[in-house]
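User: I'm new to reading protein structures and would like a close look at one part, the place where the ligand sits. Could you walk me through it once the structure is up?

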Amino acid sequence: MTNNNTIPFLDLVTPHLELEEELISIFRRALKTAGFVGGPSVEGFERDFAKFCETKHCVGVGSGTDALRFALTAAGVRAGDAVITVPNTFIATTEAISQTGALPEFVEVDEQTSNMDPSSLREYLGMLCDFEPRTRRPISRRTGRPVTAIVPVHLYGQMADMDPILEVAEVYNLVVVEDACQAHGAAYFSQKEHCWKKAGSMGRAAAFSFYPGKNLGACGEAGAVTTNDEKLAQDIRTIRDHGQVRKYYHSMEGYNGRLDAIQAGILGIKLVHLSDWNERRRQAAERYREIFGSCSVPDAIILPYAAPWARGVYHLYVVRSKSRDQLRKHLTEAGVGTGIHYPVPLHIQDAYRCLGYQKGDFPISERAAEEILSLPMFPTLQPEQQFRVVSEVANFVSLAVI
Ligand SMILES: *Cc1c(COP(=O)(O)O)cnc(C)c1O
């Protein structure tokens with residue numbers, strides 16, 4: 001296969017070359033002012049990103065993992081607590097929980113959306129927890145720990161079903177921190193509020209990652225917390241900066257978790273294009289659906305589910321196949337880049353053996369991990385490239401099924 005016939009899983013080069021002059025001017029400005037950390041460039045981006053997410057506040061931090069950890073800490077999660085999330089996410093979600101001193105506990109995901117299943121959440125709280133009347137909070141029977149927070153993940157850029165999750169959180173007095181690290185710009189139609197809500201505007205706070213491959217990516221590491229709670233935003237500003245309220249006066253121990261000025265400037269330039277890039281991802285997803293439809297690829301390939309109450313931003317385009325590994329091999333040999341997000345659910349990762357879960361505890365997540373395959377998806381993906389991807393999938397299916 002020749003080089004120009006290969007289709008990358010992700011093209012991170014083209015969008016940066018298109019913006020090359022603007023991006024370089026950010027670096028020049030930083031050199032001239034020596035404003036490398038904090039300052040007007042960070043504040044400007046925070047204002048712009050809060051506006052984009054339709055939240056009152058945004059606090060720029062060093063990474064998505066920082067964002068999750070700081071949001072959980074500022075929202076009151078303490079050592080000894082239990083925090084609920086899902087097993088089919090990137091490990092940063094649970095690392096952040098553990099780094100606050102809490103223990104992650106898992107609930108199952110919905111078969112169609114691959115996101116937190118509100119009925120599993122209800123079942124877990126109602127049947128696997130005792131109710132502590134003094135704090136009005138559940139105590140996990142697995143660990144004896146008080147459950148204090150829920151972290152729903154908007155995986156692949158698709159929204160978790162937030163209305164029922166928020167309702168359960170209210171009943172059980174739990175904090176909700178959205179992991180929106182894959183969902184910049186996604187939206188959810190809230191029946192409760194009768195309007196569309198942006199990812200990152202629904203929980204007490206939300207975490208975003210600007211890792212280069214995300215829908216909005218820095219040229220390095222960066223992240224942000226969004227919230228409508230002014231006090232929480234202020235606390236996160238303190239936590240990200242060594243617990244300083246002013247220089248060398250520390251109200252607590254914090255972290256070195258600030259957003260650097262060059263990354264903030266770069267993110268500001270790219271944020272202008274984010275809605276357009278997201279729209280192009282949606283169009284590419286729509287086109288995949290049409291091409292798959294016209295190729296009459298049999299039911300052997302399951303396309304991503306788009307819930308009517310959500311507008312996803314297709315951070316990833318994830319299909320399912322019972323012969324995933326062979327399909328992936330076929331595509332690799334045909335020069336089509338793919339990924340698996342993620343091959344091992346967290347509850348059966350070696351790192352979490354200490355949590356005491358077993359294979360079989362979350363069958364939907366486990367089955368998904370064996371069947372999912374992420375196809376090429378990025379804003380500059382061309383229709384011809386998509387035709388080639390689908391025809392290679394169709395080739396494989398006709399070979400494999402017959
Ligand atoms: C990328 C990602 C993170 C972590 O973000 P970093 O910026 O890499 O620290 C957390 N959760 C999810 C779901 C992610 O995809």
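How many nonpolar, polar and charged residues are in the shell around the ligand?

Analyst: Sure, let's go through it. One thing to keep in mind is that this is a predicted model. By class, the shell around the ligand is made up of 7 polar, 4 nonpolar and 2 charged residues.

Let's put some names to that shell. There are 13 residues around the ligand, and the ones that come nearest are Gly64, Thr65, Gln182, Ser209 and Lys214. For three of these, we can look at single atom pairs. Start with Thr65: an N or O atom in its side chain is 2.5 Å from an oxygen atom of the ligand. Ser209 also uses its side chain, where an N or O atom lies 2.6 Å from a ligand oxygen. With Gly64, look at the backbone instead: a polar atom there is 2.7 Å from an oxygen atom of the ligand.

And how covered is the ligand? Taken alone, the ligand exposes 380 Å², and the protein buries 93% of that. The space that the ligand takes up is the largest pocket. If you want to find the spot by following the fold, look for helix 4 (64-74) and helix 5 (92-99), the elements that give two or more residues to the shell around the ligand.

Now let's leave the ligand and look at two sheets, so you can see what else to pick out on screen. One is an open sheet of 3 strands in the order 9-8-15, with antiparallel pairing. Its edge strands are strand 9 (195-198) and strand 15 (310-311), and each of them pairs on one side only. Strand 8 (residues 187-190) pairs with strand 15 in the antiparallel sense over 2 bridges. To see where they meet, find Ala187, which stands opposite Arg311 in strand 15.

The other is also an open sheet of 3 strands, this time ordered 14-16-17, again with antiparallel pairing. Here strand 14 (301-302) and strand 17 (372-375) stand at the edges with a single partner strand each, so one side of each is left without a neighbour in the sheet. Strand 16 (residues 317-321) and strand 17 run antiparallel and pair over 4 bridges. A handy pair to click on is Val318 and its bridge partner in strand 17, Ser374.

How values were computed:
Residues numbered from 1 in each chain as written. Predicted model: local features only at pLDDT ≥ 70, side-chain atom pairs only at ≥ 80, totals over all residues. Heavy atoms only, no water. Near = heavy atom within 4 Å. Polar contact = N/O pair within 3.5 Å; in protein donor to acceptor, adjacent residues only side chain to side chain. Areas by Shrake-Rupley, 256 points an atom, 1.4 Å probe, with all protein chains shown as cover. 1 Å grid on protein atoms, 1.4 Å probe; cavity = no way out; pocket = protein on both sides within 12 Å on 5 of 7 lines; lining within 4 Å. Sits in = over half its atoms within 2 Å of the grid points. Nonpolar A, V, L, I, M, F, W, Y, C, P; charged D, E, K, R; others polar. Pairing = 2+ DSSP bridges.
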